[in-house]
Amino acid sequence: AWAHSCTSFNSTFNESGLVGIQASCEPRNVADMLDVMCSELEAVSRNVGTVELERAKRAAVAVISNALESKATSSEDMGRQFLTYGRRISGQAYVDMIHALTSTQLCNFVRTLLASRPSLAVYGDNAEAASYDTLMQRYGPPGAAGRSTAGRSATGRLRKALGLGPWAGRQA
């Protein structure tokens, strides 16, 4: 097995949000990992089966229920809700929203997500195999690949920006 882990994350802000996937894999399979992550998102944009959706709903409800057990997590969540929505949303209201989610709504959300400009951060051996140009060819407007990279991949720019040792000057 070449994939070590793959998980999603999200953050909600007042007027926007961040949805992402983070993964780790064997260095020789970096491009494969990026392709699998993209393919899985694309599959969700087309169809989500009832069994899969219900399993995801149960997992989401379990995460909310577990989070509500911690006073620190609950306090942080309340603060975030007041900053974002101006009011507190109960755990039960979240659960009700999750239960109300339909396959069509989820597919529409993922299509909207895939229509937005992607971001890519890659670190480690063979990171250059996952290039921003590849993502832009897949999801960007026609001719977008390479246009914003100024001759370097996102990996090279990120490494340089972070000053990552001997890789900082290398263009991927």
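This passage describes the nonpolar core, one helix and a surface patch of a predicted model. Local features were taken at pLDDT of at least 70 and side-chain atom pairs at pLDDT 80 or more, whereas totals for chains, interfaces and linings use all residues. Residues are numbered from 1 along each chain as its sequence is written, and side-chain values use heavy atoms, without hydrogens and water.

The largest nonpolar core (buried Ala, Val, Leu, Ile, Met, Phe, Trp, Tyr and Cys residues joined through side-chain atoms within 4.5 Å; buried, under 20% relative accessible area with a 1.4 Å probe and protein chains only) comprises 16 residues. Leu34, Cys38, Leu120, Val122, Ala130, Leu135 and Tyr139 touch the most other members. At least two residues each come from α1 (30–46), α5 (103–115) and α6 (132–139), with α1 giving the most, five. Helices are DSSP runs of H or I with at least four residues, and strands are runs of E with at least two, numbered from the N terminus. Beyond neighbours within four places in sequence, Leu135 is in contact (heavy atoms within 4.5 Å) with residues including Leu34, Cys38 and Leu120.

In helix α4 (residues 91–100), Gly91, Val95 and Ile98 are buried. Viewed down the axis of α4, the buried residues fall within an arc of 60° and therefore line one face of the helix; the arc is that of the directions from the helix axis to the C-beta atoms. These buried residues pack against α2 (50–68).

Phe9 lies in strand β1 (residues 3–12) and counts as partly exposed because its relative accessibility is 32%, partly exposed denoting values between the buried limit of 20% and the exposed limit of 50%.
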